[in-house]
Each structure stands twice: as C-alpha cells, then as structure tokens.
Amino acid sequence: MSAHPPGETISFRESASRLPAKLARVVAARFSDEPRAARLAGAFLALEGYDRRFAMELVLVGRDRIGASWNVRLFAALMLASQCLRLTAKAASELTLLFGSLGLLEAGGRAVQADVLRQGYTSAELSKFSVEFLRHLRRLERLHRRLRGFRTKVEALDDFISLSRDPCKVALARYLFTPAEVVERVLQELNVSSGLPAPLEEPGEEEAQRYRAHLPDYENEIVRLLTRDAHIYWSCDRTSSEINRLVEKPLGAVASVVKPPGSALEFEIKRTGIGGPFPLGAVHIGVNGNPVPPSHRLQGGASTASLRWESNHSAILSEVYRAAHHCEAPVSKLLALASYRTVPCQGREVHLLDYFTAPEIFGPGFQRMRQQMKRCVAAFDQQFGDDFADLPGEAGLTGRFLYHVLPCQGLLAQTTSYRLDTLARYFSPAGAENYFRDGLKRQKHTLEEARRFADALLGEVLGAYVAPDATYLDHAQYLAAAFSVPANRRQADDMHARAVSDLGKLWGTVLALGGFTYGESFVGRNMGLKSSFAGGKWISRLVSMDHDNLHLPGKEEEVFWAQGALRNAEQDECYIRGNPGRPKQVPRCDLHYLQQIYHLESDDVPAESRRCLESAMGTAYRQARRALDAEPRMRELFSSSYLRHLRDWHAVVADYLTTVPEAGGAEFTAWKKRAQVYLTERKYGEVVGNYCTALEKHGDFVRRYSFLYLPRQS
C-alpha cells in the first residue's frame with residue numbers, strides 16, 4: 001500500500017495489509033492476544049512514505065482513543081516517529097499539522113509552545129524547531145533505516161518492537177501519554193504505603209522550586225502527582241531492574257528511578273527498601289565488617305537529617321556554580337521529602353513503630369535486627385547525645401532509633417542510573433554477562449539481546465550514536481566495531497573530554513570554597529553519565545549524586561580549618577584521579593572509569609585526561625574565587641570572616657609554593673615564621689597552627705595543584 005496524497009488516504013482499519021507470515025509471528029510473540037498490533041504493523045510496513053491519515057491514526061492509538069494497551073500505544077508512538085522521519089523540515093504544512101495533533105502549537109499555529117525550550121530545543125519558531133525535532137528523532141535512525149516494508153528482516157522488526165518497550169526512548173510518547181497515566185502505571189510497579197509531608201529547609205526548598213520552574217510541563221506534572229499525597233514508594237517483585245524501563249531498580253541500588261515516556265530526564269526515589277518481605281532493617285556493622293556511616297544505619301531507607309543536609313549543601317554549591325560559571329551544577333537536586341508512617345509488610349501496611357517492635361510482624365530476623373538496632377542507638381547516643389535514653393522497654397529502643405534516623409524518602413532530579421562503576425563493567429568484554437547473568441540472574445540470553453544492550457549503552461554515553469555494520473559475535477568485538485565508526489569515535493572523544501572537563505570544573509569549584517566530600521560525591525558509584533537533548537542536539541553529561549557527605553561552609557561558619565579540608569580533599573582526589581604521587585595507585589577512579597567507558601586505549605590518554613582535568617579545575621577555581629569576592633549573593637551565603645580566611649589561606653599557600661622547595665628544610669622554617677607573623681598580626685589565634693600543620697602534612701597536595709594558588713603562566 002503506497003502513501004496517498006494528504007487528505008486522500010484511508011484508515012488502516014479499513015485497508016490494513018496482511019503481514020508476511022514470518023513478520024506476523026514476530027508481532028504475535030510480542031503482542032499475544034492483541035490483534036490490533038498486527039493490523040497496525042501491516043498498515044505501517046505497507047507504506048512507502050509519509051501518510052497523513054495513518055499518522056493521525058497513530059496519534060489516536062497512542063492516546064488510547066480506541067482502547068489500545070500500554071505496549072500497543074508505545075508501538076504506535078515509535079511508528080509515528082518513523083513516519084515523521086520520512087518527511088524533511090521543508091514539509092512545513094505536514095509538520096505543522098502533526099505538531100497541532102500532538103498539542104505542540106501555540107494558539108494561532110504560528111509557533112510551537114515555549115515549553116519546548118525547556119525540553120532542550122533552541123527555538124519555538126516553526127522552521128527552526130522542525131529541523132531540531134527531526135534531529136531529535138534521528139537518534140534512533142539505526143532502527144528506522146532497517147525497516148524495508150514487507151521485506152523487513154525479522155530481527156529488524158523485533159528490535160523495533162523491543163525498543164518500544166523502553167518508554168523513555170520513545171520520543172513522541174511524551175505527547176501521547178498523560179502525566180496521570182504515567183503515574184498510575186508507576187504505582188502499578190511499586191508497593192505504596194502512607195507517609196506525611198516533610199518540609200525541606202530554606203536553601204534546599206529554594207533550589208527545588210528554582211529547578212522545578214525550569215522543568216518542562218510534562219515532567220513537572222509527573223513530579224507533582226508523585227509527591228502530592230506524600231506516598232512512600234517501595235521496590236517489589238513487580239519492579240524491573242532492566243535498563244530504561246518506566247520504573248527501574250538499578251542493579252545493586254537501594255533506590256528506584258522513574259524514567260518518563262519520551263523524556264531524557266529521570267527521577268530517583270531515595271530509598272525504596274532492600275527488597276523481600278521486610279523492606280527496612282537496622283544495621284551497624286556492614287558486610288565489610290566495619291561500622292556503616294550514620295546515614296546508612298536505617299537499612300533500605302534514608303534519614304531526614306542526611307537528605308536535608310544533602311539538599312542544603314547541593315543548593316549552596318548550585319548557587320556558587322551559577323554565579324561563577326553561569327550554568328547549572330552537575331549535581332542531583334532533592335525536590336520533595338515525605339516521612340514514613342507505614343511500611344508494606346506481608347501484604348498489608350503496618351505502622352513503623354509496630355514494624356520494628358513486634359516480633360510477630362518482623363519475622364525470623366527480628367532478634368538479629370534488634371541487636372543491630374541497639375548498637376546503632378549506642379553509637380547515635382555517643383555521637384549526637386542521649387536525650388531519650390530513659391525511654392523504657394522494647395518500644396523505647398525503637399523510639400530512640402527512630403528519633404535518631406527520622407526515616408523519610410526523597411524524590412531527586414538530575415540523577416542517572418548509569419553510574420560510572422557500573423558502566424565500566426558493562427563496557428568490559430564480560431559486560432553482557434555482568435548484566436544478564438550476574439545482575440538479572442538469567443541463565444542465558446541471546447546474541448540479539450546482548451546487541452540491543454550494547455546499543456542502549458552506547459546511545460547513553462555517546463548521546464548521538466551510529467550502529468556499526470557488524471554482526472554481534474561477542475561483546476568486546478561489537479563494542480570495538482562500534483567505536484571504530486568514525487562518527488562514534490569523534491563523539492566518544494568529545495564526550496570523554498566534556499566529562500573530564502565537567503569533573504574538573506566541579507572539583508575546582510568545591511576546592512575554591514574550602515569544601516570536600518570524603519570522596520562520597522566523587523566515588524564511581526555516585527558519579528554517572530546521562531544522555532541529554534540540549535542545545536538542539538544529543539549529548540551525554542556527567543552527573544554527581546549522593547551528597548550527604550558534601551561539606552561546604554554555611555553562613556554561621558567563620559573559620560576555614562585548612563588541615564581537615566586538605567586531608568579530606570585528598571580522599572576526593574583518590575576517587576577522582578587515583579592516588580597521584582604515591583607508590584600505591586588507585587585504579588578504580590573516575591578518570592580510569594571514563595577511559596574504560598569510552599574505549600580510549602592510547603598510552604597518552606591518562607596524561608591528556610590529567611591535563612584536561614587540571615585545566616578545568618584551574619579555570620573553575622579562579623572563577624569561583626572571583627565570584628566569592630565580587631558577587632553580592634555570595635556574601636549572603638558565606639560569612640565575611642570565612643571569606644577572609646580563604647583569601648589569607650590562599651596568600652599563605654602561594655608564599656609556601658614560591659619559597660619552599662621541600663618540606664622540612666631551612667626554607668620551610670623561614671616560611672613558617674613568616675606565616676605565623678602574618679596570621680598572628682591578622683588575629684587568627686589557633687588557626688595559625690592549623691595552617692602551618694596543614695602544609696607540613698599535606699604540602700604534597702598543594703604542590704600537585706600549585707596552579708590553583710599561583711599566577712597563571714603566560
């Protein structure tokens with residue numbers, strides 16, 4: 001069935017062509033008991049070009065105007081994208097009609113709605129938007145170009161249908177599925193219990209509101225519906241760990257993520273339980289035999305204090321980033337909090353206090369959990385005070401534990417499930433086995449599934465990806481073929497350089513504030529890559545998450561303690577670039593992961609990565625220092641005393657670097673006397689000794705980053 005002139009075609013329901021048997025079997029296997037899918041596929045593959053009437057039929061199916069299932073609707077949305085790619089940007093009248101049917105046009109039809117600018121497009125003017133709209137859809141051209149009507153190969157059609165099951169990759173689905181439908185589907189894939197709204201503190205709330213003001217309307221409404229009733233969400237046996245699902249529990253994570261249809265954004269629900277019949281526990285000693293940090297003592301859940309800390313400190317960093325670099329910080333944003341009221345347990349909701357106190361509710365592991373809880377409470381009392389130590393009995397122990405952890409759940413934006421350590425494993429020769437066998441616990445998988453997995457990974461880390469003309473024989477061979485495609489190699493080099501530069505910019509900004517994270521914000525499990533449509537094109541971005549150990553000064557902080565800051569910054573350094581300058585190197589650092597992910601094998605890459613990192617660090621450090629000195633908003637965030645400490649610390653370090661060739665010599669003694677006189681005259685008190693000790697113990701650190709403190713070489 002060839003395409004008819006616009007307005008003259010007939011409905012696929014009236015004249016759908018019969019699929020060849022081999023293709024019909026593919027559709028039947030994917031859509032059992034859904035004959036509508038076969039009729040749609042027959043009409044779709046019978047067309048040789050764009051067909052206006054059929055495109056409008058696909059819009060109706062995608063919007064469930066004829067009672068289609070969720071999967072059929074996604075199938076229709078992907079077919080609609082394929083139809084669109086048979087047009088060019090010059091087909092203005094057809095594209096305008098299509099934009100109108102998708103609800104994209106402003107009243108009068110002379111421009112698309114301004115909301116598209118928040119979706120990553122650069123213009124709402126029809127002709128410019130049309131070019132970028134088609135460019136957006138061409139991200140999956142590797143699928144669409146393999147469709148050859150009724151001559152389409154079985155594997156090509158199966159790939160097409162398979163990808164339609166990943167809602168976030170079906171670009172036009174965002175215009176066909178309502179936010180209410182999306183949230184309803186999310187609720188079907190998670191357990192839900194009741195909670196209570198928990199307010200964010202002022203810095204975090206302001207940042208959340210600012211972020212939401214820049215969200216597209218579609219994602220904003222999904223966030224509103226997810227947080228409206230203060231529900232608590234829990235992963236369960238209905239929650240998939242397969243990549244790119246609407247709701248995904250990333251392998252090895254205690255969180256779940258929501259990836260809305262047709263969206264490059266995701267939202268993390270932190271945390272959603274440890275799985276199994278008992279989603280929460282108490283833990284003091286971790287699997288490595290060491291005490292866990294306070295924020296992890298509620299096993300499977302999060303504490304109000306740690307999430308508010310994360311929210312406030314990432315908000316401060318975001319403010320400085322905008323002032324210094326005129327862009328958003330690549331860090332996660334906490335949008336909402338809800339306190340636990342009940343917990344799903346054995347098919348019913350039980351009150352949180354009963355869950356942790358009643359042995360008949362918790363089950364066989366009750367005594368072990370209570371022993372861990374006692375240890376947690378003792379540690380909490382020692383660290384934070386024992387205000388409620390006189391609460392009696394078993395209920396008293398539970399009350400003291402809950403007082404310290406204050407269980408709550410957060411919804412975060414600007415996150416990614418593709419963490420660097422996981423990606424590095426997936427891009428190794430055993431990547432497919434790591435995912436299917438070790439992760440999903442599947443006994444076997446097909447080569448076609450492994451190839452689709454590889455294509456999905458490549459699309460995520462490259463943004464724009466061209467599939468290789470190669471048969472998948474094994475993971476290493478296929479990845480090598482993919483990175484050998486010139487367009488992919490250029491994109492990989494560009495995205496690698498961007499990621500390293502963003503990493504340097506982030507760390508340089510944190511250092512300029514005298515901040516550190518104990519490695520937590522930079523460890524590979526908390527750094528990730530996320531594909532994004534920005535500036536009218538597909539790219540991949542670096543994202544830093546989990547900031548419950550991000551330490552930045554608050555307004556009340558008046559003193560910069562250099563020794564602790566340098567000691568803790570060295571932990572960040574280990575996770576960012578290994579263990580430079582020391583005999584024992586740390587191979588699993590961010591630079592190493594990025595080199596593995598982007599398949600950079602030249603001997604020059606490590607040195608080039610370090611140069612790129614340090615260049616970005618230096619620029620960011622200087623820009624942040626200028627912002628601290630010049631921007632009025634910075635004086636609202638930080639005390640004048642603290643800013644003065646940073647300036648004087650910088651002067652002391654610069655003098656050290658220019659006059660002391662090595663620690664311990666006569667030059668060091670002379671420098672120390674000068675520094676003591678200088679700081680004492682400025683009434684620094686006990687800080688004098690702290691600064692001198694800092695450079696005595698950590699002078700090698702400031703030497704490695706001397707370019708931060710000394711004037712730039714011309």
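**Close-up A. Strand β10 and its two antiparallel partners, with A336 standing opposite L411 in β13.** In this predicted model, local features need pLDDT of at least 70 and side-chain atom pairs count only at pLDDT 80 or more, whereas totals for chains, interfaces and linings use all residues. Residues are numbered from 1 along each chain as its sequence is written, and side-chain values use heavy atoms, with hydrogens and water left out. Strands are DSSP runs of E of at least two residues and helices are runs of H or I of at least four residues, both numbered from the N terminus; two strands pair if DSSP finds at least two bridges between them. Strand β10 (residues 333-340) pairs with strand β13 (residues 407-413) in the antiparallel sense over 6 bridges, and strand β2 (residues 195-198) pairs with β10, also in the antiparallel sense, over 4 bridges. In the pairing with β2, P197 stands opposite A338 of β10. Strand β10 is mostly covered, with 7 of its 8 residues buried, where buried means under 20% relative accessible area, exposed means over 50%, and partly exposed lies in between (1.4 Å probe, protein chains only).

**Close-up B. Strand β6 (residues 267-270), with buried residues pointing both ways.** In a regular strand the side chains alternate between the two faces of the sheet. Here F267 and I269 point one way, E268 and K270 point the other way, and all of them are buried. Strands β5 and β6 run antiparallel and are joined by 4 bridges, with E268 of β6 as the bridge partner of V257. Strands β6 and β13 likewise run antiparallel and are joined by 3 bridges, and in that pairing E268 stands opposite L412 of β13.

**Close-up C. The buried face of helix α11 (residues 179-188).** The buried residues of this helix are P179, V182, V183 and V186. Seen down the axis of α11, these residues fall within an arc of 95 degrees, so they line one face of the helix; the arc is that of the directions from the helix axis to the C-beta atoms. An α-helix has 3.6 residues a turn, so residues three or four places apart point the same way. The buried residues of α11 pack against α5 (70-84), α13 (217-227), β4 (247-248) and β5 (255-258), where contact means heavy atoms within 4.5 Å.

**Close-up D. Two edge-to-face aromatic pairs that involve helix α28, formed by F560 with Y642 and by Y656 with F668.** The structure holds 39 aromatic pairs, where rings of Phe, Tyr and Trp (its six-membered ring) pair if their centres lie within 6.5 Å, and planes under 30 degrees apart count as stacked, over 60 as edge-to-face and the rest as tilted. The rings of F560 and Y642 have their centres 6.1 Å apart and their planes at 85 degrees, so this pair is edge-to-face. It links distant parts of the chain, since F560 lies in the loop between β15 (537-544) and α24 (562-577) while Y642 lies in helix α28 (residues 640-659), 82 residues apart. F560 is buried at 5% relative accessible area, and Y642 is buried at 3%. The pair of Y656 and F668 is also edge-to-face, at 6.3 Å centre to centre and with 90 degrees between the planes. This second pair links Y656 in helix α28 to F668 in helix α29 (residues 666-681), 12 residues apart. Y656 has a relative accessible area of 1% and is buried, as is F668 at 6%.

**Close-up E. An aromatic cluster that includes W538, and arginines placed over aromatic rings.** The cluster is formed by F99, Y121, F129, F133, F533 and W538. The charged end of R139 sits over the ring of W538, 4.0 Å from its centre, and R73 lies over the face of F177, at 4.1 Å from the ring centre. A charge sits over a ring if NZ of Lys or CZ of Arg is within 6 Å of the ring centre and within 35 degrees of the ring normal.

**Close-up F. Cysteine C612, in a structure where a search finds 0 disulfides.** A disulfide is counted as a pair of cysteine sulfur atoms within 2.5 Å. The closest cysteine sulfur to that of C612 is in C589, 14 Å away and too far for a bond. C612 is partly exposed, with a relative accessible area of 25%, whereas C692 is buried at 2%.
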